[in-house]
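Subject: A structure for you to look at

Hi there,

I am handing over the structure we talked about, so please open it and have a look around. My notes come straight after it.

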Amino acid sequence: MQTQRAYRTKLALGVIVFACVATPSFALFGIGDIVFDPTSYASLVSQLSTLQMQYNTVKNNLVHFSAKNQWHTALTALEHVNVANQFGETALFSVALNTNDPGSAKVAWGNATVPVNSSASVYLSSQPTNSAGKSQLAMIEASDASSPDCLNAVGAYRAARDTNLSSEQALQDDQLDEGDDTNAEVQQLNLLNAAQAQHLVELKAQGVLHACLAQQMAIQNMQQRNAAANDLNTWGFVQQQRQANNVNLTGGSQIWTTYLP
């Protein structure tokens, strides 16, 4: 009898323990099919909190940036050049360096340079193509073609910078704006595209200036090269004459043979 009672007691305790461990949920309002599970509820609350944090992060990234003023840079306009012109020697030079006017640049260069006169032209017409005189003339002609073009390129760049300042400032204002109208993802992408377009325009404008620098360097190299060639030719001519003719003083030594005045 005691054995049966002890067995029943153990069986009842086992059922209670199993029920407590296996099913942490319990019925609400005495209705067996409506069950509240605290573990599942806590997990759901945690997931919702995580999703809310992720949503807020994405929203802030897409909609709003703060503290943009730390990126602010100042736009600097090129100053206009005012070239002195006392006697007409630099007429239209200021116009050429500040505006996009090829005609003014050509006239300005002609006013400020020494022309090749008619007597020199008559002499050069009888010289070989690669003579010293015609090489100098080639350098002058190349400079007369390139330099006005470069003067106009500088003026055009200055004029374009003045014209583009308002557009560049408007773009920077939108980039630094902290309102919602310019901080959505599409607006930010449009601002990036606009900045890239302005950057390409600036690169093209600077490319023209770089081409002018290369032209001017080529002309300067031509001048230096011609000067070096003329020095060598003069040295060779003097040596040839000294070998063909006795240029020593009466009773002098041969030490003066290699002397170049």
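Below is what I found, starting with the whole chain and moving on to single residues.

Please keep in mind that this is a predicted model.

**The whole chain**

The chain contains seven helices and two strands. If you walk along it from the N terminus, the elements come in the order α-β-β-α-α-α-α-α-α. Of the 261 residues, 16% are buried. About 19,200 Å² of the chain is exposed, and 61% of that area comes from carbon and sulfur atoms. Looking at contacts with a separation of 6 or more, you will find that 59% of them join residues 24 or more positions apart.

**The core**

Which residues form the largest nonpolar core? There are six: Phe93, Ala96, Leu97, Ala105, Ala108 and Leu151. Helix 3 (93–98) and helix 4 each contribute at least two residues to this core, and helix 3 gives the most, with three. As background, nonpolar side chains in soluble globular proteins tend to be buried together.

Phe93 is a good residue to click on. Setting aside neighbours within four places in sequence, Phe93 is in contact with Val83, Ala108, Trp109, Ala112 and Leu151. Two of these partners, Ala108 and Leu151, also belong to the core with Phe93.

**Ala112**

Another of the partners of Phe93 is Ala112, so let me show you where to find it: look in the loop between helix 4 (102–111) and helix 5 (118–125). Is Ala112 buried, partly exposed or exposed? Its relative accessibility is 41%, which means that Ala112 counts as partly exposed. Apart from residues up to four places away in sequence, Ala112 touches Glu89 and Phe93. You can also compare Ala112 with Gly88: they are 24 residues apart along the chain, and their C-alpha atoms are separated by 8.7 Å.

**A surface patch**

Leu44, Leu48 and Leu51 make a nonpolar surface patch of about 290 Å². To find the patch, go to helix 2 (residues 38–63), where Leu48 sits.

**The cysteines**

How many disulfides are there? The count comes to zero. Two cysteines to look at are Cys150 and Cys212. Cys150 has a relative accessible area of 10% and is therefore buried. Cys212 is buried too, with a relative accessible area of 7%.

Happy exploring, and write back with any questions!

Best wishes

Technical notes
Residues numbered from 1 in each chain as written. Predicted model: local features only at pLDDT ≥ 70, side-chain atom pairs only at ≥ 80, totals over all residues. Heavy atoms only, no water. Helix = DSSP H or I, 4+ residues; strand = E, 2+ residues; numbered from the N terminus. Buried < 20%, exposed > 50% of the residue type's maximum accessible area, 1.4 Å probe, protein only. Contact = heavy atoms within 4.5 Å. Areas by Shrake-Rupley, 256 points an atom, 1.4 Å probe, with all protein chains shown as cover. Disulfide = S-S within 2.5 Å. Patch = residues over 30% accessible without salt bridge, like charges linked within 9 Å, V, L, I, M, F, W, Y side chains within 5 Å. Salt bridge = Lys/Arg side-chain N within 4 Å of Asp/Glu carboxyl O. Core = buried A, V, L, I, M, F, W, Y, C linked by side-chain atoms within 4.5 Å.
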